[in-house]
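User: I am new to this structure and would be grateful for a close look at a single part, namely how its strands are arranged and which helices lie across them.

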Amino acid sequence: MNNAIARPQDLVTITAISVLALVACINAQGSLFWGVASSAYQFEGAVDANGRGPTIWDTFSHTPGRIADGSTADIADDFYDQYLDDINLMQANGIKNFRFSIAWSRIYPTGTGQVNQAGLAFYSNLTDALLAANIQPFVTLFHWDLPQSLQDSYGGFLGQQLVTDFANYASTVVAALGNRVTYWTTFNEPNSICSLGFGSGGMAPGRCSDRSICADGDSDSEPYICAHTLLAAHGAAVSKMRAAAPEAKISINWSADWVVPYTNSTDDTAAAQRHVDFTLGLYADPVYLGDYPQSVKALVPSLPALTDQEKASLKGSVDYFALNHYTSYYVKDAPGSGTLEGTAVSYISSAGVAIGEQAESSWLYVVPWGFSAILQYIDQRYGHPDIIVTENGVDVPGESNIPYPDLLHDPFRINYIQTYLEQANEAKQAGVKLLGYFYWAFLDNFEWAQGYSNTFGLVHVDYSSDNRARAPKDSLAWLAAHFA
């Protein structure tokens, strides 16, 4: 398979390979990272504790109408106070790797200025507790929770000052934790940050052109200013991170869906590739190939050009490809879509058949073969990089309405994990250098604009209880058994 978008019949043939074969295959090379993922805003709570400053998600979640169930993450999973118990639960289930993010506003409450030592101490203690339990920490520096002060003072990702401020923040954190943490990512899902935060307005800071949704914003320019600022900030941060911790392995958590042309037409085939260029290539091509995709540059006059210095700072700035992948869909050419990209997404084929079984989320359909396809695409387009899947997971249809303890039995989730891992093995057999897999998420959590109505966790969290009581689901036991 070349690195062009293909119809399903062009993909590597799907075979029924067991998950145990995947584990044996990767273990034979001594490089299996199996773990679970989290993020600061979705898990921690304690939004006013020990000097933490407000973030754009605090503001967004407290804005009426922005969160589907009207909730906030003020308490979330109370991970800030219960992390030792959660680590014990991980250890009891054989989890050896845990991905978490740092809340920038715990380190610098206003984004810059004096370091909040209490914030650094929390993450230092968390790191030590993980290592004491023989669990390797994987740390993300930014998982969407920008300090509100930076949004107020210069527009956050719309301001070039963010490049300097983020690099300074990254340097501070890596200097404090780099002697104990090897694996880092700078930004989680650049496309979500820029397209959803500044394009659709469905995520913080909630900017877009549609005045029925957003008070401010320009969907044709701001997502692309954001993309340029984010990439420049990554490049500036990496040089400081490597100076502070020369052995650090650094990446970006790129989100990538697999897409299939809606029909075999030339227009739909080009549209599918264009969609990947806008959602993945815009953020990954400059790192691996030296510049933005030509299709994006041709269609987005507001996209700031990368300077020679920025190109140099980006090329070779990652040590592995961190992939977040959940689903696949069809893409058709849609010049009247109202977007610069000129495409439209469908989960129903031209023959009227769904691409897979729908999960709880409207955007998530179960399409295991798409996992193998996107892994092979990344492998071939970006020069056979080492790949770590840093997020993959599913929300069970109706799970939040299933009574306890029945909801702990989650065969839908187990089937998703098993079939996706089978396809990960398919990709590995095709030559993809897959090093590991993180399930999203360890706990049920605050799922951004959906609040607590969508549950991805391997562990149920009872949000009606004072202590956010935990209860493992069958899927956790299944993963523990297969990766023991």
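Analyst: The account below begins with the barrel and then turns to a further group of paired strands.

The model is a predicted one. In it, eight strands close into a barrel, and the pairing is parallel. The order around the barrel is E1-E2-E3-E4-E5-E7-E12-E13. On average, neighbouring strands of this sheet are turned by 25° against each other, direction ignored.

One pairing within this order joins strand E5, residues 249-255, to strand E7, residues 321-324. These two strands run in the parallel sense and share three bridges. At this pairing, Asn253 stands opposite Ala322 in E7.

Two helices can be placed against strands of the barrel. Helix H10, formed by residues 222-244, lies across strand E3 (136-142), strand E4 (183-188) and E5; its direction is at about 160° to E4. Helix H14, formed by residues 368-381, lies across E7, strand E12 (387-391) and strand E13 (434-439). The angle between H14 and E7 is about 155°. Strand E5 is thus among those crossed by H10, while E7, its parallel partner, is among those crossed by H14.

The remaining pairings concern E6, E8 and E9. Strand E6 (residues 258-261) pairs with strand E8 (residues 328-333) in the parallel sense, over four bridges. Strand E8 also pairs with strand E9 (residues 343-346), here in the antiparallel sense and over four bridges. Val331 of E8 takes part in both pairings: Val331 is the bridge partner of Pro261, and Val331 stands opposite Val345 in E9.

Technical notes:
Residues are numbered from 1 along each chain as its sequence is written. This is a predicted model: local features need pLDDT of at least 70, side-chain atom pairs count only at pLDDT 80 or more; totals for chains, interfaces and linings use all residues. Side-chain values use heavy atoms; hydrogens and water are left out. Two strands pair if DSSP finds at least two bridges between them. Axes are lines fitted to C-alpha atoms, for helices over the stretch in contact, and angles run from 0 to 180 degrees between N-to-C directions. Contact means heavy atoms within 4.5 Å.
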